[in-house]
Structures are given as structure tokens and as C-alpha cells.
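Visitor: I have a structure open on my screen and I would like to learn how to read it. Could you walk me through it, one feature at a time?

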Amino acid sequence: MLLNKLKNIFQKSKLPLKDIFQSALFGGKKEDYDFIEEQLILSDIGLNTTEKIIKRLKERVKNNIIVEREKIIEELKIILKDILKETLLPDFDKNRIILVSGVNGSGKTTSIGKLANLVIKSNKKVLLGACDTFRSAAMEQLAIWGDRTKSFVYIPENQKDPAAVAFQSVKYGIENSFDIIIIDTAGRMHTNKNLMVEMKKIYDVLYSKYNFMGIFSILVIDATNGKNTLSQAKYFKESSRVDAIFLTKMDGTAKGGSIITIADELDLPISYIGTGENMEDIDIFDKDIFIDSIL
Ligand SMILES: Nc1nc2c(ncn2[C@@H]2O[C@H](COP(=O)(O)OP(=O)(O)OP(=O)(O)O)[C@@H](O)[C@H]2O)c(=O)[nH]1
Ligand SMILES: [Mg+2]
């Protein structure tokens with residue numbers, strides 16, 4: 001995506017800080033820090049992350065130094081860029097299985113379509129494994145993405161166990177020399193214990209049998225869901241290994257503060273962002289552009 005377009009997308013998630021900072025000088029006093037702390041929390045940054053930011057700000061701005069408030073924004077940018085991890089992308093030469101999980105409606109299947117389209121453009125053969133056996137409509141939806149992207153969709157016959165389907169998809173993919181196998185899973189609420197156990201089973205089967213395929217596990221998070229997603233995402237991270245986050249719906253009303261909090265608290269890198277409903281609406285997350293745009 002063009003740089004300006006990407007900036008516009010990110011600017012929608014702007015932190016509501018700047019007007020306040022422009023108002024006066026920063027004196028490095030307790031009330032100055034309290035004020036910034038309050039503003040960060042009002043910007044949807046979680047308590048832990050806010051405390052981390054304030055601590056680092058104090059280290060960077062020597063006490064009692066009076067500086068322009070603009071300088072504080074620059075310092076915050078440095079701190080926030082440091083808090084966000086470096087973007088982590090699958091290496092499609094080495095990570096041949098992409099496992100996709102997330103809560104209901106977060107955008108998993110759509111993002112799989114986008115990823116398939118990306119990979120196919122580099123002349124690789126892609127298989128999509130329809131492990132969302134929960135609803136038949138889910139398999140149909142994946143089949144549509146298969147048609148659009150010209151990737152093959154493995155649809156199980158008489159097999160309802162998603163872990164078994166994951167296994168079969170990969171087996172089929174290897175036997176038929178597919179380069180990349182992307183596994184779609186059913187959306188699940190983190191509070192549904194059985195479904196989380198099922199997710200772990202998919203994960204365990206793949207890792208025990210096909211670790212050599214370089215599994216890359218992506219957690220899809222709806223960026224417009226705010227901090228609610230944090231506890232959900234923590235459960236996913238606990239029940240299966242997650243390598244990176246795919247942030248969807250960045251074209252919507254995503255809040256910059258909650259994105260920073262999610263990435264910080266989960267201690268996970270962000271890989272891609274979804275910026276619309278079409279297969280081209282995918283971009284690599286760039287933390288520098290993101291932070292410069294939201295502050
Ligand atoms: N605007 C926008 N919409 C998106 C994006 N990604 C997905 N969607 C929409 O979000 C809705 C849900 O997407 P799905 O891909 O079906 O989500 P899912 O996680 O597979 O859903 P379940 O399988 O039911 O859990 C659809 O209407 C998608 O078009 C995005 O980046 N931007
Ligand atoms: Mg789906």
C-alpha cells in the first residue's frame with residue numbers, strides 16, 4: 001500500500017493526546033507525570049503499559065528540566081516504538097504451515113484469503129485446510145476464497161474432528177507437493193473450555209507430526225474490539241503457541257492505545273494488518289509509521 005494511504009489508515013487510530021501537549025511547557029514535576037499518565041490511560045493504554053511508559057519517560061527526561069511539550073511527544077514516540085516488537089512475518093520458504101486462530105468473526109477466513117493471494121503471487125502452490133468443521137457454511141466460505149485466489153481447498157469427507165482434518169490437510173498437501181498449507185480454524189470464545197482444548201489438540205497434532213514443516217501460528221485480532229480482546233488473546237496464547245498477531249479491520253475504528261496495550265501485554269509481534277474486505281487489503285505492519293501516525 002502507498003505510504004500516505006497507510007498513514008491515513010493508522011491516523012484513524014490516533015491517540016487523543018496532542019492538543020493537550022501543545023498547551024504548555026513540561027516541568028518534570030509529579031503533577032506533570034500524573035497528567036501524562038492520565039492522558040495515556042484515557043487513550044486506551046492499559047495500566048501496566050502506561051506505568052512502563054511513565055517509568056521510561058522519567059528515565060529519559062531528567063528531573064526538573066523544563067522542555068517543550070512537543071519534546072515529550074518525541075520521547076513518547078521513541079518509547080512506544082521500543083515497546084512494540086519488530087514485525088515478524090512468516091518466511092514462506094521455511095514456514096510451510098500457517099495455523100490461524102482467533103475468536104468468532106475476528107477475520108480469520110478473510111485473512112487466510114489475503115495470505116493465500118500473497119503467497120500465490122510468488123508462484124507457490126497453496127492448500128487451504130478447512131478445519132472449521134463446526135459450520136458447513138465455513139467450509140463454503142473457504143471454498144470461495146479458494147476460487148478467488150486459485151488455491152486448493154482441502155474439505156474433509158465425514159470427518160468432524162478439526163485436529164484430524166488438520167492432520168489430513170497437511171498430509172495431503174505434502175503428498176501432492178503443495179508449498180504452503182494454511183489451516184483455517186473455527187472461531188471460538190476463549191471462555192469455552194472445550195473449544196480451547198480442541199484448539200490445543202489441533203496445535204499438538206501439527207507440532208508432534210509436522211514440526212519439520214516450520215509451523216507459523218497466527219492469532220487474528222479484530223483491532224476495533226479494543227481492550228476486550230486482551231483477555232481473549234491471552235487464553236489463545238496459553239492454549240497454543242502463537243508466533244504473531246494479524247490485526248484485522250484497521251480500516252475501521254481501531255484504537256491505537258489498545259493496539260499498543262495488546263502487543264505489549266501479550267509480548268507478541270504484529271505481522272500483517274487487514275485494511276478491508278478484499279484480498280488485496282493486507283499490509284505488513286510497520287511500527288514506525290504506526291507510531292508516527294497515531295501520535
Ligand atoms: N473492514 C474490514 N472487514 C474485515 C477485515 N477482515 C475481515 N473482515 C470482515 O469481518 C467479517 C468476519 O470475517 P471472517 O473472515 O468470516 O471471520 P472469521 O474469524 O473467519 O469468522 P468465524 O469463522 O465465524 O469465527 C467479514 O464480514 C469480513 O469481510 C478487514 O481487515 N477490514
Ligand atoms: Mg472463519
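**Reading the ligand site, the spaces and the loops**

Guide: Let's start with the ligand. Helix α6, residues 108–121, contributes four residues to the shell around ligand 1, the most of any element. Keep in mind that this is a predicted model.

Visitor: Which residues around ligand 1 come nearest?

Guide: The shell has 20 residues, and K108, T109, T110, D251 and E277 come nearest to ligand 1. You can also sort a shell by residue class. Here, 12 residues are polar, seven are charged and one is nonpolar.

Visitor: How do I read the polar contacts, and which atoms of ligand 1 face E277?

Guide: A polar contact is a pair of N or O atoms within 3.5 Å. For E277, a polar side-chain atom is 2.5 Å from an oxygen atom of ligand 1. T109 also uses a polar side-chain atom, which lies 2.8 Å from an oxygen atom of the ligand. With G274 the partner is a polar backbone atom, 3.3 Å from an oxygen atom of ligand 1.

Visitor: How much of ligand 1 does the protein bury?

Guide: Compare the ligand alone with the ligand in place. Alone, ligand 1 exposes 650 Å², and the protein buries 79% of that area.

Visitor: Where does ligand 1 sit?

Guide: Ligand 1 sits in the largest pocket. That pocket has a volume of about 350 Å³. It is lined by 21 residues, and those closest to its centre are G105, S106, G107, K108 and T110. Helix α6 appears again here, since five residues of the lining, the largest share, come from α6. By class, the pocket lining has 12 polar, seven charged and two nonpolar residues.

Visitor: What about closed spaces, and how many cavities of 30 Å³ or more does a search find?

Guide: A cavity differs from a pocket in that a probe fits inside but cannot get out. Searching the whole structure gives one cavity of 30 Å³ or more. The largest cavity holds about 60 Å³ of space. Its lining includes G102, V103, S106, L219 and F236. Strand β7 (215–222) and helix α10 (228–239) each supply at least two of the lining residues. The classes in this lining are six nonpolar, five polar and one charged.

Visitor: My last topic is backbone angles. What sign does phi have in most residues other than glycine?

Guide: Most residues other than glycine have a negative phi. With that in mind, look at D44, where phi is positive, near 75 degrees. D44 is in the loop between α3 (30–42) and α4 (47–60).

Visitor: And what is phi at K249, and where is that residue found?

Guide: K249 is not a glycine either, and its phi is positive, about 60 degrees. You will find K249 in the loop between β8 (244–248) and α11 (256–266).

Note on methods:
Residues are numbered from 1 along each chain as its sequence is written. Chains are lettered from A and ligands numbered from 1 in the order in which they are written. This is a predicted model: local features need pLDDT of at least 70, side-chain atom pairs count only at pLDDT 80 or more; totals for chains, interfaces and linings use all residues. Side-chain values use heavy atoms; hydrogens and water are left out. A residue is near a molecule or strand if one of its heavy atoms lies within 4 Å of it. A polar contact is a pair of N or O atoms within 3.5 Å; within protein, one must be able to donate a hydrogen and the other to accept it, and residues adjacent in sequence count only if both atoms are side-chain atoms. Accessible areas come from the Shrake-Rupley method with a 1.4 Å probe; for residues, only the protein chains shown count as cover. On a 1 Å grid over the protein atoms alone, a cavity is a set of points where a 1.4 Å probe fits but cannot get out, and a pocket is an open set with protein on both sides within 12 Å along at least five of seven lines; lining residues have an atom within 4 Å of a point. A molecule sits in a cavity or pocket if more than half of its atoms lie within 2 Å of its grid points. Ala, Val, Leu, Ile, Met, Phe, Trp, Tyr, Cys and Pro count as nonpolar, Asp, Glu, Lys and Arg as charged, and the others, Gly among them, as polar. Grid points are joined across faces, edges and corners, and a volume is the space filled by probe spheres set on the points.
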